[in-house]
Amino acid sequence: MIKVIKGKWNKKIYRVIEKIGQGGIGAVYKVVDEDKNIKALKITKNINSITREHKFLNELKSYYTPKVYDMDDFQIRNKVYYFIVMDLFSGKNIKEYIKENKFDEGHIWKIGWEIGSFLEHIHGKKYIYGDLKGENVIITDDNKVKIIDMGGVSKKGESIREFTLLYDRSKFNKGIRKAEESYDLFSLTLLIINMILKKDFKKGVGKADLLIRKCKNVGMGKAQLKLLGDGLDGNISLKDFLKVVKSLENNYKIARMKKIKFKIDRVVNYMLISSIVFFLSVLILNLKRVLD
Ligand SMILES: Nc1ncnc2c1ncn2[C@@H]1O[C@H](COP(=O)(O)OP(=O)(O)O)[C@@H](O)[C@H]1O
Ligand SMILES: [Mg+2]
């Protein structure tokens, strides 16, 4: 593995600590810069994709995306590699999280709402994210939702550049590969479904009805199933979709609080009954003793 990377033009030096990720376009490393700051460095041979990503990281910057600090290239054995340096998010991407099976339903709606807010932000700037999937969303160790990989971003109205079949609506016969808001909403809905089913549901590629049925089988109610169906069909706006997502998150929280309260009430009742029984038995015993 490469130990040190020195940019040809900006001359900045990065010491590689470990590899933290691999996608279809690039490899991502945890590095230390000359000021001893930890950063993420993404390397690829694809100059077009990394240049676009650098541009969009600057243009679409938000709470959800990493800040980008450097873009440069270097050479090994006559081959040129391009890289960008950005904030490192320590945590796991959603695909890894799904494998660990850690979500409850409330958590899923919360994550869905956060991703949706990021999508609203970039749609407001006339862009479509395009390649939304588990690998491109990180849940940090302190439970924040972060979006990486701007390689699939397209201007509204263009055709989608980078996509993943598992999350691509045209594979499901639910619309074309055109950069419009409903394209991102489809992928967001599918990502939520994958979190509900606790895996990237490969058998369901292309079969929206099957996925909805599976969600029903794991206990999703009518409101949830309707929302997921609407999201896949694209007959709801992202804004309205997110409103329902928020209300489902709140309903889930309220239902959980009720359950906890019910459990506490039951324990309190048991304690009350047992103390009454205890009191009565002591009373009867004493009465018996007095009468004897
Ligand atoms: N800034 C980052 N902080 C932490 N992990 C990252 C960061 N960027 C990428 N990764 C990890 O590396 C993987 C690949 O990065 P990504 O940008 O998606 O590459 P590609 O464009 O090839 O798909 C991601 O799935 C993620 O797990
Ligand atoms: Mg990626």
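Strands, like helices, are taken here as DSSP runs and numbered from the N terminus, a strand needing at least two residues. With that naming in hand, the surroundings of the ligand make a good starting point in this predicted model. Two strands, β2 (13-22) and β4 (38-44), each contribute at least two residues to the shell around ligand 1. Strand β2 gives the largest share, three residues. The shell holds 22 residues in total, and those that come nearest to the ligand are Gly 21, Gly 23, Ile 25, Ala 40 and Asp 149. Sorted by class, ten residues of the shell are nonpolar, eight are polar and four are charged.

The shell also brings the domains into view. The protein chain is assigned a domain 1 (4-86) and a domain 2 (91-247), and at least three residues of the shell around ligand 1 come from each of them. Taken over C-alpha atoms, the centres of the two domains are separated by 27 Å. Where the domains meet, twelve residues of domain 1 are in contact with 14 residues of domain 2. On the domain 1 side, the touching residues comprise six nonpolar, four polar and two charged ones.

What lies between the two domains, besides these contacts? The largest nonpolar core does, because both domain 1 (4-86) and domain 2 (91-247) give residues to this core. Its members number 71, and Leu 41, Ile 115, Leu 191 and Ile 192 touch the most other members. Helix α4 supplies the largest share of this core, ten residues. Leu 191 is worth a closer look: leaving aside residues up to four places away in sequence, Leu 191 touches Ile 94, Leu 132, Lys 133, Gly 134 and Tyr 167.

Helix α7 (residues 238-291) offers another view of the model. With 54 residues at 1.5 Å a residue, helix α7 should span 80 Å, and the 79 Å between its end C-alpha atoms agrees with this. Is this helix largely buried or in the open? Of its 54 residues, four are buried, so α7 lies largely in the open. A residue counts as buried when 20 or more other C-beta atoms lie within 10 Å of its own. The four in question are Phe 241, Leu 242, Val 245 and Leu 248. An α-helix has 3.6 residues a turn, so residues three or four places apart point the same way. The buried residues of α7 pack against three helices, namely α3 (105-124), α4 (181-197) and α6 (222-233).

How values were computed
Residues are numbered from 1 along each chain as its sequence is written. Chains are lettered from A and ligands numbered from 1 in the order in which they are written. This is a predicted model: local features need pLDDT of at least 70, side-chain atom pairs count only at pLDDT 80 or more; totals for chains, interfaces and linings use all residues. The expected span of a helix is 1.5 Å times one less than its number of residues. A residue is buried if 20 or more other C-beta atoms lie within 10 Å of its own, exposed if 12 or fewer, and partly exposed in between; C-beta atoms are placed from the backbone. Two residues are in contact if their C-beta atoms, placed from the backbone, lie within 7 Å. Domain bounds come from an automatic or database domain assignment. Ala, Val, Leu, Ile, Met, Phe, Trp, Tyr, Cys and Pro count as nonpolar, Asp, Glu, Lys and Arg as charged, and the others, Gly among them, as polar. A residue is near a molecule or strand if its C-beta atom, placed from the backbone, lies within 6 Å of it. A nonpolar core is a set of buried Ala, Val, Leu, Ile, Met, Phe, Trp, Tyr and Cys residues joined through C-beta atoms within 7 Å.
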